[in-house]
Amino acid sequence: MKKVLITGGAGFIGYHLANKLLESGYHVDLLDNFSRGVNDFHLESLAKNDRVNCINFDLLQSEKISQLEQDYKYIYHLAAVIGVQHVLKAPYEVLTKNFILLNNAIEIAKKQNKLERFVFASTSEVYAGTLNHYGLQFPTPESTPLTINNTEQARSSYMLSKIYGEAMCQHSGLPITIIRPHNFYGPRMGLSHVIPELMKKAVDTKLGSIDVYSVTHKRTFCYIMDAVDIIQLLAESTNSIGRVFNVGNDDEEISMGELAQGIINLTGKSVTINSLESTPGSPERRCPSINDLKEVEAYVKQYTLEKGLQETFDWYSKNVFSGQVISAI
């Protein structure tokens with residue numbers, strides 16, 4: 001049986017990826033220090049599977065690396081210091097910890113006997129500097145030259161850590177695949193993301209209106225079930241070794257105002273939108289080209305935005321808005 005290690009495995013992507021890999025017959029080790037990931041009843045239920053091992057492990061401590069197994073076929077490195085508010089408050093921590101986390105994950109990978117792939121989760125934020133200085137082609141291809149923003153800006157720290165991380169992977173000597181996630185959403189992603197945040201506002205409002213920032217800014221969204229399908233396909237494809245891929249959707253582009261209205265419609269409530277100013281640092285448009293992905297794997301998404309939003313709203317209505325507590329992972 002092939003073994004898989006997922007760093008940051010208690011988080012949003014890690015949890016859903018683990019479920020997907022279990023369906024494919026893998027043994028899955030989830031590594032997390034639970035600084036953001038939460039050991040909720042969903043994770044506890046997952047851990048009851050005989051092919052799942054949840055490891056409470058601080059990946060920042062390099063001296064503990066030798067404690068891990070050496071028979072992983074795939075390593076998915078998802079662990080990182082993330083979140084806009086954290087990035088703005090502690091940019092130095094973002095820069096240093098994300099480097100250490102990746103460096104230690106690479107060292108783990110190098111100790112494996114027969115590693116088939118090391119998957120590094122980068123970010124769509126790597127395009128931010130190019131957008132600010134030169135503008136972007138939309139949909140945006142992976143071949144876009146990357147330009148850094150002013151390094152004095154706190155928000156640049158996360159993007160810088162991921163660009164440097166991509167370079168580390170490319171020169172590591174490992175069989176690597178780099179993914180740049182674009183606006184994943186779905187159940188169990190906490191509340192500090194735009195879709196569950198808008199859902200909560202719409203459900204909780206007593207004023208008959210909700211505040212929405214950046215109403216004209218446009219995004220494409222990728223439902224988490226589609227996202228983890230794609231990530232696994234890329235990890236297992238021999239044609240993706242050493243390459244970088246956008247993971248997301250290149251269709252159903254929608255403005256934040258339209259998204260908010262669609263979410264209001266799900267609640268069945270009569271709620272109006274109070275349009276506020278644009279969030280500082282938020283790009284007016286983000287839409288990835290996924291042509292390279294389509295060339296490697298002929299994947300057809302399973303979830304329209306309408307279907308994915310309904311699934312997400314139903315999950316939050318049952319598990320969060322009903323009064324149960326889940327952390328903002």
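This note walks through helix contacts, aromatic pairs and some backbone details of the structure above.

1. Before you start, please keep in mind that this is a predicted model. The points below go from helix packing to aromatic rings, and then to single residues.

2. A word on how to read the helix points. Two packed helices are described by the angle between their axes and the distance between the axes. You will find both values for each helix pair below.

3. Let us begin with helix α4 (residues 91-110) and helix α6 (residues 156-170). Their axes come within 9 Å and cross at roughly 20°. Angles under 35 degrees count as roughly parallel, and α4 and α6 are therefore roughly parallel to each other. The crossing of this pair is right-handed.

4. Which residues of α4 and α6 make the contact? From α4 come Pro-91, Val-94, Leu-95, Asn-98, Phe-99, Leu-102, Asn-103 and Ile-106. The α6 side offers Ser-157, Tyr-158, Leu-160, Ser-161, Tyr-164, Gly-165, Met-168 and Cys-169. Sorted by class, this contact of α4 with α6 has eleven nonpolar and five polar residues, with no charged ones. Try colouring these residues by class as you look at the structure.

5. Next comes helix α7 (residues 194-204) with helix α9 (residues 256-267). The axes of α7 and α9 come within 9 Å, and they cross at roughly 50°. That angle makes α7 oblique to α9. The crossing of α7 and α9 is right-handed. On the α7 side, the contact is made by Val-194, Ile-195, Leu-198, Met-199, Ala-202 and Val-203. On the α9 side, the partners are Met-256, Leu-259, Ala-260, Ile-263, Ile-264, Leu-266 and Thr-267. The class count for α7 with α9 is twelve nonpolar, one polar and no charged.

6. Helix α9 has another partner to look at, namely helix α11 (residues 305-319). The axes of α9 and α11 come within 11 Å and cross at roughly 55°, which makes α9 oblique to α11. The way α9 passes α11 is right-handed. Here Leu-259, Leu-266 and Thr-267 of α9 meet Leu-309, Gln-310 and Phe-313 of α11. This contact of α9 with α11 contains four nonpolar and two polar residues, and no charged ones. It is worth noticing that Leu-259, Leu-266 and Thr-267 are also listed in the contact of α9 with α7.

7. Now for the rings. How many aromatic pairs does the structure hold? There are eight. One of them joins Tyr-185 and Phe-221 in an edge-to-face arrangement, with 6.1 Å centre to centre and 90° between the planes. Tyr-185 lies in strand β7 (residues 184-185), while Phe-221 sits in the loop between β9 (218-219) and β10 (222-223), so the pair ties together parts that are 36 residues apart in sequence. Are Tyr-185 and Phe-221 buried or exposed? Both are buried. Together with Tyr-223 and Tyr-303, these two residues form one aromatic cluster.

8. Another aromatic pair is made by Trp-315 and Tyr-316. This pair is edge-to-face too, at 5.0 Å centre to centre and 75° between the planes. Trp-315 and Tyr-316 are both buried.

9. Lys-307 makes a good landmark in helix α11. Its relative accessible area is 39%, so Lys-307 is partly exposed. Lys-307 and Tyr-223 are 84 residues apart in sequence, and their C-alpha atoms are 9.1 Å apart in space. Tyr-223 is one of the members of the aromatic cluster described above.

10. The backbone deserves a look as well. A cis peptide bond joins Phe-138 and Pro-139, with omega at about -10°. Where is Pro-139? You will find Pro-139 in the loop between α5 (128-134) and α6.

11. Finally, check phi at two residues. Asn-183 is not a glycine, yet it has a positive phi of about 50°. Asn-183 is found in the loop between β6 (176-181) and β7. Arg-188, also a residue other than glycine, has a positive phi near 65°. Arg-188 is located in the loop between β7 and α7. Buried means under 20% relative accessible area, so Arg-188, at 1% relative accessibility, counts as buried.

Conventions. Residues are numbered from 1 along each chain as its sequence is written. This is a predicted model: local features need pLDDT of at least 70, side-chain atom pairs count only at pLDDT 80 or more; totals for chains, interfaces and linings use all residues. Side-chain values use heavy atoms; hydrogens and water are left out. Axes are lines fitted to C-alpha atoms, for helices over the stretch in contact, and angles run from 0 to 180 degrees between N-to-C directions. Helices (H or I, at least four residues) and strands (E, at least two) are DSSP runs, numbered from the N terminus. Angles under 35 degrees count as roughly parallel, over 145 as roughly antiparallel, 65 to 115 as roughly perpendicular and the rest as oblique. A crossing is left-handed if the near helix is turned anticlockwise from the far one by less than a right angle, and right-handed if clockwise. Contact means heavy atoms within 4.5 Å. Ala, Val, Leu, Ile, Met, Phe, Trp, Tyr, Cys and Pro count as nonpolar, Asp, Glu, Lys and Arg as charged, and the others, Gly among them, as polar. Rings of Phe, Tyr and Trp (its six-membered ring) pair if their centres lie within 6.5 Å; planes under 30 degrees apart count as stacked, over 60 as edge-to-face and the rest as tilted. Buried means under 20% relative accessible area, exposed over 50%, partly exposed in between (1.4 Å probe, protein chains only).
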